[in-house]
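Colleague: Could you take me slowly through a single part of this model, and show me how that part sits among its neighbours? I am new to reading structures, so please connect each step to the one before.

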Amino acid sequence: MSDHDVKRTIKGRRPQFFDDPAVDQLHGMVMAMATEMAVLYERIDTMERIAGAKGVMMREELARYRPDEQAQAEREAWRQRFLGRLFYLYREDLDDRLGQENEAQYQRFLKDIS
Amino acid sequence: MGSSSNAFAAVPQARHAMLVEPERDELARQEFVRSFKAYIQSGIVPGVHATYHGEVKPSFAMREGREPRDRHEIRQLMVPHPVFRTYASMQRVSQELLWDTVLDSVERELPALVDKGRAAAARRGDGAPLGSLVLDPSLTPPKYVTGVDIHCMPGGYCGERGTDDVAVGALYDRGVYLYALGMMGPMNDDIGGSAAKYLRDAFPDFRPRRILDLGCTVGHSTLPFVDAFPDAEVHAIDVGAPLLRYAHARAESLGRRVHFSQQDATRTNFPDGHFDLVCSSILFHETSAKALPAIVREAFRLLAPGGIAVHGDLPPFWAMDEFNQFMLDCETWYNNEPYWGAMREVNQVEVAVAAGFARENVRFMMAPSAYRAAAGHERGFEAGEFAPGNAWQVLVTRK
């Protein structure tokens, strides 16, 4: 396949728009994620429309659907895990601050291996 | 402001054998990026205009007792502003995403595209090729083409990897449509189409026998001249081999006869006086201070007496106010278009006179957009990035 690969990088200097280059990177990441969200939205929309054309009123069924207690609990658990992943850096930072355990353990580890 | 949103009604790109066919998710990504660009134009650009006119300019005037002098001074005031930074950053990100999402389709289809290119060029099973393709592996492309990837298109115009590569042609064809938000029509051909229509209207008796298109890329604006002057022999040149392979295959698959060759527009191998019509479309702003006059001189050399050269591009700075100049000039700074701004300062009439054209035979004017006139898309000029009004700038010179 080496005969058919494509170049992805752009020759030239990339401008920096913000004082902290991390903000520039975040802009790129947010919009790349927004692009994938648009892809998912379109997939679901397509499913609903195809099902609708076949007489399965998915859109209406989805609008009517009410989760039972178990489903609600499972969803809540999923949301909490998801939020935990979203804020993993914050939690790590917090862990470090409350006890300095991470740093102390790391220093012990360095000693052990040197 | 923001009244131009209705101009972004999506006109699907016209299909042909060489055009990539995005899969469902690829298409969703590409459509999203096009929508993102349209949103920048209709939802973010008006805020930048409002910030300048409502905040930055008045406070400067208060402080200094005068208005900002020119686009350079406006730039100094605007670059630190958070509204402008977000706009400019998002514009850049949209451009990077644009090429990257199209590259997914190009990469997936490339082996087939290369084969299709070979087949289309040979018109296998469909008689002999209509036109021709002559490549020159000894040609060194000019620095202004290879120094940066113009408009951030990975690979630029000359990127070549495998045998019979057509990737950058495929990338450009699809990418330009998304970039132009469909405003150049389903065939991306509005610049050539408008110039050809202008010529037919302004010179009704003009019947060119031979036509040369300079810097043709994939032939978007070459084909309207084939249609406008069906009896003419049409030639087109560019410096990138993959572009020309793609352009030839595209023209053949669309049933248009064009003779493509790999040549530098400042010094072609055609004899003096060989052409009745020499044209170029959005070529000037991607050249250099040295190359632009050299191209006009070469056009003069190539024209037969009575022949016409027509060069189409986006509007020059004098055709807009200082703030729009500043906005348009962002392409120079942020989109790998190093000559974009400087070109808009060049007095093209004087360049043409210096090249040998008689002053009374030089016109510099706006040619109404043939596509937007036909489609009923009226829009004013409010610069974001690629945002033509209802007309293209044309330099028309007669020998």
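Modeller: What follows is a close look at strand β6 of chain B, then at a helix that packs against it, with a few words on chain A at the end.

Please keep in mind throughout that this is a predicted model. Strand β6(B) covers residues 303-313, and eight of its 11 residues are buried, so the strand is largely enclosed by the rest of the structure. What, then, does β6(B) pair with? One partner is strand β5 of chain B, residues 275-281, which pairs with β6(B) in the parallel sense over six bridges; within this pairing, Val278(B) has Ala309(B) as its bridge partner. Another partner is strand β8 of chain B, residues 391-398, and here the pairing with β6(B) is antiparallel, again over six bridges. Ala309(B) takes part here too, since it stands opposite Thr397(B) in β8(B). If you find Ala309(B) in the picture, you can therefore look from there to Val278(B) in β5(B) and to Thr397(B) in β8(B).

The next step is to follow the chain between two of these strands. Helix α9 of chain B, residues 291-302, joins with β5(B) and β6(B) in a β-α-β unit, and that unit is right-handed.

A further helix belongs in this picture, namely α6 of chain B, residues 190-202, whose 13 residues reach 18 Å from the first C-alpha to the last, close to the 18 Å expected at 1.5 Å a residue. Of those 13 residues, 10 are buried, so α6(B), too, is largely enclosed by the rest of the structure. The buried ones include Asp190(B) and Lys197(B) as well as Ile191(B) and Leu199(B). Against what do the buried residues of α6(B) pack? They pack against β5, β6 and β8 of chain B, the strands we have just followed, and also against α7 (223-228), β7 (362-368) and α14 (370-375) of that chain.

Chain A offers a contrast to these enclosed parts, for buried residues make up 3% of its 114 residues, and it has five helices and zero strands. Its average pLDDT is 85, with the lowest confidence in helix α4(A), residues 88-97, at a mean of 70, and the highest in helix α1(A), residues 21-53, at 93. The two chains do meet: 22 residues of chain A are in contact with 34 residues of chain B, and the side that chain A contributes has nine nonpolar, six polar and seven charged residues.

Note on methods
Residues numbered from 1 in each chain as written. Chains lettered and ligands numbered in written order. Predicted model: local features only at pLDDT ≥ 70, side-chain atom pairs only at ≥ 80, totals over all residues. Contact = placed C-beta atoms within 7 Å. Nonpolar A, V, L, I, M, F, W, Y, C, P; charged D, E, K, R; others polar. Buried ≥ 20, exposed ≤ 12 C-beta atoms within 10 Å, placed from the backbone. Helix = DSSP H or I, 4+ residues; strand = E, 2+ residues; numbered from the N terminus. Pairing = 2+ DSSP bridges. Right-handed = clockwise from strand over helix to strand, strands pointing away. Expected span 1.5 Å × (residues − 1). pLDDT = per-residue confidence, 0-100.
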